[in-house]
Each structure stands twice: as C-alpha cells, then as structure tokens.
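User: Please take a close look at the strand pairing in the part shown below and connect it to the surroundings of the bound molecule. Kindly state each cut-off once.

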Amino acid sequence: MSDSVVIVGGGLGASRLAENLRGNQFAAPITILSAEEYLPYDRPPLSKVTLTDDAARVDLKPAEFYIDADIDVRLGARVVSVDTADRHVVVETLDGERSPVPYGTLVLATGLRPRTFPGEGGDLAGVHVIRTFDDAVALREEIGGARTAVVIGAGFIGCEAAASLIKRGLDVSVVEPAPTPLAAALGPVIGQFVARLHTEAGVKMTTGVGVTRLLGTDGRVSAAELDDGTVLETDLVVVGIGGYPDLTYLDGSDIELADRATGGGIACDHLGHTSAPNVFAIGDAANWADAHGDRHRVEHWNHTVEQAVTVAAEIEEHALPAPTVPYFWSDQYDLKVQLLGSPRPDDEVHVVDDDGRKFLAYYSRDGILTGVVGAGRVGKLMKTRPHLLTETPIADLLG
Ligand SMILES: Cc1cc2nc3c(=O)[nH]c(=O)nc-3n(C[C@H](O)[C@H](O)[C@H](O)COP(=O)(O)OP(=O)(O)OC[C@H]3O[C@@H](n4cnc5c(N)ncnc54)[C@H](O)[C@@H]3O)c2cc1C
C-alpha cells in the first residue's frame, strides 16, 4: 500500500479517485494539486444548465467533504514538472512561486484544454469555448445581450450549446464541415437523426462547410465567413471543435505518451499504470490499452469514473471491479441521447424504433452487436446493456 498519493488535476477524475480511496478506508495522506481556483466541479452541466440557469450548481462535493475525509486540496497549484527518479512534482502557485511536492504514488488527471478557433478572428471578444466554469459563466453573461449565435462544430458540446442557446431565445446557426452532426462518434445515419432534433427546434444546421474566418467590429465578433463564401452575421460565437491534453508538464520526464493516431495522451496499460513506476493516469488525458492491447483516449464522464475505481483498487491492492459497458450521454433539448458500447462510425446501423424524433438503433460489425444508441429511449436502451457484455449476434436482437 502506498505511503502517500498525490493527484495532479482538480476535476472529475481527481475527486472521484480521492473519494474511492477514502471510501475504501485508505488511510495514507492524499493531496490534490489543482490548477483551478475552484474545488473540483462537474463539466457536463457547463454546456447545459449552467448556460440557462444562473443558480445551477456544479461542485462535485462540498468543501466539508474534503475536510472530513482529510483530503488536502491545493487550489491554484499548477504542476509544471514531474521527476519520477526522485518521486516529486514541482508546483507553481498563482503568484509564480515554485516548490517540490514528494509522492509515493502519483496519479495524473489533467483533462483537456479546448481547441480555440485557429483562423483569423479567433481572439475577438464574443468568441467562446466551454471547458471551465469561468468559460461557461462568461458565455452565459453575454447571452442576455445577444440576438444571434454561430456554433462552430456539431460535436457533443456544440450540439448541447446550440440547444441551450435556442432555449435562451437566440437565433442559432451551427456550422459543421462533416456531413452530419456527431458523424465521427455516431456515424452519418444517426447523425441525421440528431440533425433532425436541431432543425425541428429552429437551429439552422449547415453541414459539409467550414468556417474560414471570423470578422469583427471594434474588436468584437460580428460575423462568421464560411468556406462557400456565405457570411453569417452574429453577436456570439461558440467554438466546439474538441480539445487536447496539454502535457507540457511531462516534458523531460520519462513518462511515455501515446501515439497521436490513437488519440495521444498519456500511455497506460489496461489498469492505468504509465511507463513510470507508481505513476497512473486517468480521465480525458489518459490513453488506456484495452484487453486486446489497442489504445483509446476517451473523453466521457463514465469512463473517467470507472478508471478512478480501477486505479483506486490498484493502489490499494484490492480486487478489480467487474467489467462494464462503455456509456456516454448527452442532453439535447428535452431528450437524453445515449450511447452504450464502442461502435465505430462505419458500423452497420439497424434502426429499431423511430417516431420521427425519439429513436433507438443498434450497431453491428461482422454480425456482432457493437453498440446501442438512443434518444428519449432510456429504459429500452439500458435493457440492452447485458447483450454488450458478451458477443451477441445482431440477428438474435433483430429476430
Ligand atoms: C462542456 C462539457 C460538457 C460535457 N458533457 C458531457 C456529457 O454530457 N456526458 C459525458 O459523458 N461527458 C461529458 N463531458 C466530458 C466529461 O466532463 C469529462 O470526460 C471529465 O470531466 C473528465 O475528467 P478529468 O478529470 O479527466 O478532466 P477534468 O474534469 O477536465 O479535470 C482536469 C483538471 O486538471 C486541471 N489541470 C490541468 N493541468 C494541470 C496541471 N498541470 N496541474 C494541476 N492541475 C491541472 C484542470 O484545471 C482541471 O481542473 C463534458 C465535458 C465538457 C467540457
């Protein structure tokens, strides 16, 4: 058992890992080093209720939890380097002071940085990303004074932002270079179903076209120019084009990074061990191997929570949890869009329920069920979970 656990990062992974360790009676010191000035908070609400409700709460645990559980949370403490030979990290505080923090076991849970608009105009006022609580509040504060918004990118965060902005009464355009929203995650057939939800709600969905530049007036965004020459006048822009793990703090350490082709991030085995002894990684920044040795970097809430359970068990030398089915959800309008399993976008799609808005569909590859996706079909979708724990022929479900 470890003599002390230091967790780098102050989000979902960090909080859940500390909670799991203490929940299992782990008695050694636990320190969370977080670059943020807030206690660990939840990110899913940031593109949803935080944009529509001023009173929405996002904290994962109240301050008393960390005090009662004797978890030392240091805020405004950014880790700038890791020395695995001497087993310490160097922390930089907000006033620029640097000091070493020794560790027995180190867990890296540093999440992602959002990609900003790479073209001209990306730095204009009124252009927003949504990764942190401050990002979401900055956007929310501008929605009241705006009439129109352009959302760049129809991934999950772009789609959720569009739904929230429409709810706040804005005239919303989404611009996405792929043929449908969510095409990379769910494939084009289900992407069309998601597009339908948005157009029905009044969103102007423009696909197959990118944004070339953002135009401004007096330093503030006023329009987005698309690569087909269209100019969309707008008061606000939300950039939802993904994120990347910022791992500059690992420069010079011997902790291996994963190949970009597999999503990059910190290379880990199937239990979260990195290449350095007593160093683990979890969450959006971690790239775990699966049972077949294939690598994946996954940016889903549930995935992070399950990795925290696994790494807590590894640190405590406890039995590992039973395997689970990958799960993701996204709230858009009044519907929960959910995905079980790990389908590829080019898997065969079998739509088994479609009422023109809500739907349920199976994915298969080589005749075997690989995933289930639904919108507004929570009960039916969850009932399929056992079929994804074993190799289920798709014919068994369709027959
Ligand atoms: C707007 C939004 C909506 C989402 N909605 C959903 C959803 O509906 N469903 C779903 O399944 N998932 C959703 N997700 C994804 C989910 O929130 C993430 O998978 C989860 O937060 C990952 O947890 P993490 O601990 O890896 O990273 P994070 O929660 O991002 O935490 C990382 C922390 O590390 C800190 N940090 C970074 N570098 C350093 C450093 N060098 N030193 C110290 N601290 C550092 C950061 O400041 C941050 O506090 C959403 C994400 C976002 C941004």
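**Strand pairing and ligand shell**

Analyst: Ala149 has Leu236 of β16 as its opposite residue. The model is a predicted one, in which local features require pLDDT of at least 70 and side-chain atom pairs pLDDT 80 or more, while totals for chains, interfaces and linings use all residues. Numbering runs from 1 along each chain as its sequence is written, and side-chain values use heavy atoms, without hydrogens or water.

The pair belongs to strands β10 (residues 148-152) and β16 (residues 236-239), which run parallel and are joined by 4 bridges (strands are DSSP E runs of at least two residues, helices H or I runs of at least four, numbered from the N terminus; pairing needs at least two DSSP bridges). These strands are part of an open, parallel sheet of 5 strands, ordered β9-β16-β10-β11-β12. Because β9 (127-128) and β12 (204-207) are the edge strands with a single partner each, one side of each has no neighbour in the sheet.

Elsewhere, β7 (residues 105-108) has parallel partners as well. Strand β1 (residues 5-8) is linked to β7 by 4 bridges, and Val5 is set against Thr105. With strand β19 (residues 279-281), β7 forms 3 parallel bridges, and here Leu106 is opposite Val279. Both faces of β7 are covered: Thr105 and Val107 on one side, Leu106 and Leu108 on the other, are all buried (under 20% relative accessible area, with a 1.4 Å probe and protein chains only).

Turning to the ligand, 33 residues surround it, and Gly13, Glu36, Lys48, Arg131 and Asp284 come nearest (near meaning a heavy atom within 4 Å). Polar contacts, taken as N or O pairs within 3.5 Å, involve oxygen atoms of the ligand. A polar side-chain atom of Lys48 is 2.7 Å from one such oxygen atom, a polar backbone atom of Gly13 is at 2.8 Å, and a backbone N or O atom of Trp301 is at 3.0 Å. Of the 1000 Å² of accessible area that the ligand has on its own, the protein covers 94% (Shrake-Rupley method, 1.4 Å probe).

Elements giving two or more residues to this shell are α1 (12-23), β4 (77-83), α5 (156-167), α7 (301-316) and β22 (327-332). The greatest contribution, 3 residues, is that of β4. By class, the shell holds 14 nonpolar, 11 polar and 8 charged residues (Asp, Glu, Lys and Arg count as charged, and Gly as polar).

Notes:
Buried means under 20% relative accessible area, exposed over 50%, partly exposed in between (1.4 Å probe, protein chains only). A polar contact is a pair of N or O atoms within 3.5 Å; within protein, one must be able to donate a hydrogen and the other to accept it, and residues adjacent in sequence count only if both atoms are side-chain atoms.
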